[in-house]
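User: I'm new to this one. Can you walk me through it?
Analyst: Sure, let's have it on screen.

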Amino acid sequence: MADQRIEPILTDSARLAAAIPSPVAVAPPEARRATWLGLLLEREHVLAGLLLAPTLVILTLFIAYPFVLGIWLAVSDKMVGRPGSFVGLQNFQVNLNDTIFLRAFQNTFVYTFIATALKLALGMATALLLNHHFHFKRIIRASMLLPWIVPTVLSTLAWQWMFDATFSVFNWVLMNAGLISKRILWLGDGTLAMGCLIAVNVWRGMPFFAITLLAGLQTVNPDVHEAAEIDGANAWQRFWRVTLPLIKPIMLVVVLFSMIATFADFQLIYVLTRGGPYSSTHVFGTYAYEIAMRAAKLGQGASISLFLFPFLLMVIVFQLWYIRRSD
Amino acid sequence: MAVRYGGPLKRAVTFHVPLALLVGATLFPFYWMVITSIRPDTELYNVRSNPFFTLHPTLTHFADLFELTMFARWAWNTLFIATVSTAISLFCGLLAGYALARLQFRWAPPLGMVIFITYLVPPTLLFIPLGDVVKTFGIGDTPWAVILTYPTFLIPFCTWLLMGYFKTIPREIEDCARIDGASRIQAMVRISFPLAIPGILSAGIFAFTLSWNEFLYALVFLSSPQQKTIPIGVFTELVRGDVFYWGPLMAGALLGSVPVALVYSLFVEHYVTALTGAVKG
């Protein structure tokens, strides 16, 4: 089958090769085949092994090995600068009796689900807006991605300054508009601080939803929409019945990616509140850092990080199942 | 997708106003960085003065940033680390992506799956044991601690993106070169790799921005001031206990954002391709 397919090319290229020397063939085939190395590399599985080797070495050393080491640390009492010994599930027991940990557990889910839902809703609305034709569309679309591009730490510092206890710009506006008489301590109360964290996370992550969903929208054939319109569907119905089902696959993948990233978030929370006030806004990531790096309890910290794993595994299994199904 | 509108008023309410609000909310924090970095301290720390503009713009915060901290050094570190880790990841990802997309061998499907899974592993899961590994290798507090660990999330991404890209290049082009006498490797290096340059560029830009912005590994693995990257340096060296030096902080935040925004603006389309390609399963 394959031979038949390339036969005309063969005659063509043979003629070409006779006329001009091909730039690709530097060595005549006989000379090349003479070396055993050249012969070995002609075998696809040998070449594949060679090409994949650097990747596999790095991933083994810096992902697989640390992962196994992490499981060992989680069942040990290792401290910084001191070898640990096996303590069984003691670390997990300590965690489950630790009120700050339980708060972090709850926060992680609240933060992930509320922020992801808002990013999806706002991202979809933005994508629908950007899908119009309008002036300066390219530059507006490009600038929409800025929160996603710049280092999160640096933009979060700007937000922290905007939420400052004394000099918050929001307070300045609200006070000058006569809406409040006393300053709001944006980051001074656990619930309000969590709200601020979610707001900044939405600000930073929404563009990713908007731009990927926009790419999905652009693949929707306009004819389908016109057909639905002729059939009497209004804009709202067209969105729910036509657009949404068509972009559901990309939407699902974006949501899953974003959920993993939000669930495992560290930097935004660590910079804006450092888990405060009074350890009320910790998530798994920041609390693991607090215990492992500041309290030097590496084993305990590793056991907190490991709580991310079941959730991660669920998402991965779901994703693989979904890919296989759509194949 | 064709979208039709009603009259101008309806269009203003349903389109222009929401779009303006959206752009305003998106860009406001950047405006805040700029205005804070040029307002003198006497205005910054005065609740009475209007915070939205200044009549006395000053560059003292920028001068302080360079004189009182090692900002220039951090900028160089960040550039060096981002460039080298991107180069390593592109090299590995290009070879691996090619192998998984083009070569026929028994292990291709499971290896593809393994790389996809590592793509989803967040740094938060591994930073504690990885800190131990970095120490064991004797590269703690050196640029290599992050140059060698950033590829753990960059390589899977590059591989995934380039694998998809190679699948769009017709196999026949390589077959043709093979018939002309090119070896397997020559066909790969001289025919397929040049055709993948747009994909390589996309993956490279995305990887560069990711490593420029990385925080957790750099925070844990780099501790001495002269080894820090911009995100870590600005965050740790300009905040002393409860005291925040907001002027220099925002000047640093601005200068740390500009290079990556510049790279992005030069290659918006490539970046968007990478972003949307990254999520296509």
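User: Leaving aside neighbours within four places in sequence, what is V234(B) in contact with?
Analyst: This is a predicted model. In it, V234(B) is in contact with L154(A) and L157(A) from chain A. From chain B, its contacts are F71(B), W74(B), L249(B), G252(B) and A253(B).

User: Which residues touch the most other members of the largest nonpolar core?
Analyst: V234(B) is one of them, and so are L145(A), L157(A), F166(B), F215(B), Y217(B) and M250(B). That core has 192 residues. Helix α11 of chain A, residues 190-217, gives the largest share, 16 residues.

User: And where does the core lie relative to domain 1 and domain 2 of chain B?
Analyst: Between them, because domain 1 (8-58) and domain 2 (63-279) both give residues to it.

User: Switching to rings. How many aromatic pairs are there?
Analyst: The count is 65 over all chains. Take F163(A) and W186(A): their ring centres are 5.9 Å apart and their planes sit at 45°, so the pair is tilted. It ties together parts 23 residues apart in sequence, because F163(A) is in the α9-α10 loop of chain A and W186(A) in the α10-α11 loop.

User: Is W186(A) buried or exposed?
Analyst: Buried, at 15% relative accessible area. F163(A) is buried too, at 6%.

User: What about F263(A) and F311(A)?
Analyst: Their ring centres are 3.8 Å apart with planes at 25°, so they are stacked. F263(A) lies in α13 of chain A and F311(A) in α17, so the pair links parts 48 residues apart in sequence. Both are buried.

User: How many disulfides?
Analyst: Zero over all chains.

Definitions and conventions: Residues numbered from 1 in each chain as written. Chains lettered and ligands numbered in written order. Predicted model: local features only at pLDDT ≥ 70, side-chain atom pairs only at ≥ 80, totals over all residues. Heavy atoms only, no water. Disulfide = S-S within 2.5 Å. Core = buried A, V, L, I, M, F, W, Y, C linked by side-chain atoms within 4.5 Å. Buried < 20%, exposed > 50% of the residue type's maximum accessible area, 1.4 Å probe, protein only. Helix = DSSP H or I, 4+ residues; strand = E, 2+ residues; numbered from the N terminus. Domains from an automatic or database assignment. Contact = heavy atoms within 4.5 Å. Phe/Tyr/Trp six-rings, centres within 6.5 Å; stacked < 30°, edge-to-face > 60°.
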